[in-house]
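Hi,

Here is the structure I promised to pass on. Have a look at it first, and then read my notes underneath.

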Amino acid sequence: MAKLSPLGLLKSRAFRLLQYLALAAGLVAVPLITLPDLDVPARVLLNIVLWCCLAVFACELAGKTWLRSKSVQSESHYLRSSEGVIDLLAVLPVPLALLIGIPASTAWLLASLWILKLAILVPGLSMLGRVIHHEARALASGFIIFLIILVLASVALYLLERAGQPDKFGSLPLALWWAVTTLTSTGYGDAIPATLAGRIIASIVMIGGLGVFGLWTGILATGFAAEYRRRDFIRNWDLVTSVPFLKNLDPPAVIELTRMLRRVDLAENTVVVRRGRPGDCMYFIASGEVEVKVEPHPVRLGAGAFFGEIALLTGAPRTATVTTTAATTLLMLEVTDFRAFTAHHPELAKAVEAEAAARRNRSGAPKSHARGPRLVENSEKD
Ligand code: CMP
């Protein structure tokens, strides 16, 4: 059995699973331990669960500190990073609170800080952090609009309503509270303007609140989409440049193609295209292998090869079933992008057509289809 290094152990699926389990068990145990009519065995069991969770987090903190102290990054660098601070907050507060004499039932409430670990364990949250960082200016503009409406509306409501409802609008802080609950569409209904002008302003504030939140939602959604595109672009760039057939393209063409291709990760024995079905995309093999079921012998295609081009060139159904023979990463190019790209790069179109013609010859498939779209105008092929 291969010996697992400490780094390998920390990054292993088993340890990750243990982290998730400890986090889930801990976050369930913390609220349960506050139940007043808990019997003694249940309380003891919950305490054991909480101490076990704490032990897992302490091992993780010690392991990471030890590993980082051995790597180029210094140990203090890790402990000052957001990950290190969250790991420290997961381990130290409860024992410290118990040490200074805080009752266990109160001290364990500090274990609710474990929820911060989700920010490290769930990758989507780090993406949210990057989106907020990139869109900070746009989000701040939305916040400033929020503040402007808040202040102007609360001053107006203070002036209009203070005489009639001094208990609700008698001071600016009270009017500000009303403005916050109205602008956020919370509207507890504890303070309602009585004057006509006050109600008109309240309506504007409510609509303004919806507008501001809509704006924020739009900014975040756009930011997420841009972040995903950026991430996919970086991942696809490496894959595109690793496909020999595409290696000779000039950089602008690689950029264009990288934006068009979609990465598809498939397990072994997955049918990618089925004979007789219509085809609306072709595939480049970035890694792995596929088997094309053709007579008399199946053909295997490895990294760098492509398939699925015949249906795009001829408009006819798929000529063969293609199945993965190992875990495979494909780059998928949809028919519209295929046409747009090959229109700009006829040399690639010619190479694909030449290979398709050779394959059709070998498979005995008809050479051309009257209905099929031609890729290169006045092509000598077919
Ligand atoms: P298409 O017909 O769209 O879908 C099945 C694909 O299998 C086909 O495109 C070709 O890319 C591929 N294919 C068909 N015949 C052969 C062959 N003889 N050798 C290699 N690949 C083939």
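Below is what I found in it, going from the overall form to the salt bridges and then to a patch on the surface.

One thing before you start: this is a predicted model.

**Overall form**

The protein chain has 18 helices and eight strands. Its radius of gyration is 31 Å, while the globule rule gives 21 Å for 382 residues, so the chain is more spread out than a compact globule. If you put a box around the C-alpha atoms along the principal axes, you get roughly 90 × 65 × 40 Å.

As for the inside and the outside, 36% of the 382 residues are buried. The accessible surface of the chain adds up to about 21800 Å², and carbon and sulfur atoms hold 65% of that. Contacts across the sequence are worth a mention too: taking those with a separation of 6 or more, 69% are between residues 24 or more positions apart.

**Salt bridges**

How many salt bridges does the structure hold? The count is 15, and I picked out three for you.

Start with Lys 64 and Asp 87, whose side chains meet in a salt bridge at 3.0 Å, N to O. This pair ties together distant parts of the chain: Lys 64 sits in helix α3 (residues 40–70) and Asp 87 in helix α5 (residues 82–91), 23 residues apart. Are the two partners buried or exposed? Lys 64 counts as buried because its relative accessibility is 10%, and Asp 87 is buried as well, with a relative accessible area of 1%. The pair also belongs to something wider, as Glu 60, Lys 64, Glu 83, Asp 87 and Lys 117 are linked in a network of salt bridges.

Next, go to Arg 359, which forms a salt bridge with Glu 309, with 3.1 Å between the closest N and O atoms. Here too distant parts of the chain are linked: Arg 359 lies in helix α18 (residues 346–363), Glu 309 lies in helix α16 (residues 309–314), and 50 residues separate them. Arg 359 is buried, with a relative accessible area of 14%, and Glu 309 is buried at 1%.

The third one is between strands. Arg 300 forms a salt bridge with Glu 289, and their closest N and O atoms are 3.0 Å apart. Arg 300 is in strand β5 (residues 299–302) and Glu 289 is in strand β4 (residues 289–293), so this pair, 11 residues apart, again links distant parts of the chain. Glu 289 counts as partly exposed because its relative accessibility is 25%, which lies between the 20% and 50% cut-offs.

**A nonpolar patch**

Now turn to the surface. Val 151, Val 155, Leu 159, Leu 160, Leu 172 and Leu 176 form a nonpolar patch there, and together they have about 430 Å² of accessible area. Which helices supply at least two residues each? They are α10 (136–161) and α12 (172–183). The most comes from α10, which gives four residues.

If you want one residue to look at in the patch, try Val 151, which is placed in helix α10. Val 151 counts as partly exposed, because its relative accessibility is 43%.

That's it from me, so enjoy looking around.

Best wishes

Note on methods:
Residues numbered from 1 in each chain as written. Predicted model: local features only at pLDDT ≥ 70, side-chain atom pairs only at ≥ 80, totals over all residues. Heavy atoms only, no water. Patch = residues over 30% accessible without salt bridge, like charges linked within 9 Å, V, L, I, M, F, W, Y side chains within 5 Å. Areas by Shrake-Rupley, 256 points an atom, 1.4 Å probe, with all protein chains shown as cover. Salt bridge = Lys/Arg side-chain N within 4 Å of Asp/Glu carboxyl O. Buried < 20%, exposed > 50% of the residue type's maximum accessible area, 1.4 Å probe, protein only. Rg over C-alpha atoms; globule rule 2.2 N^0.38 Å. Contact = heavy atoms within 4.5 Å.
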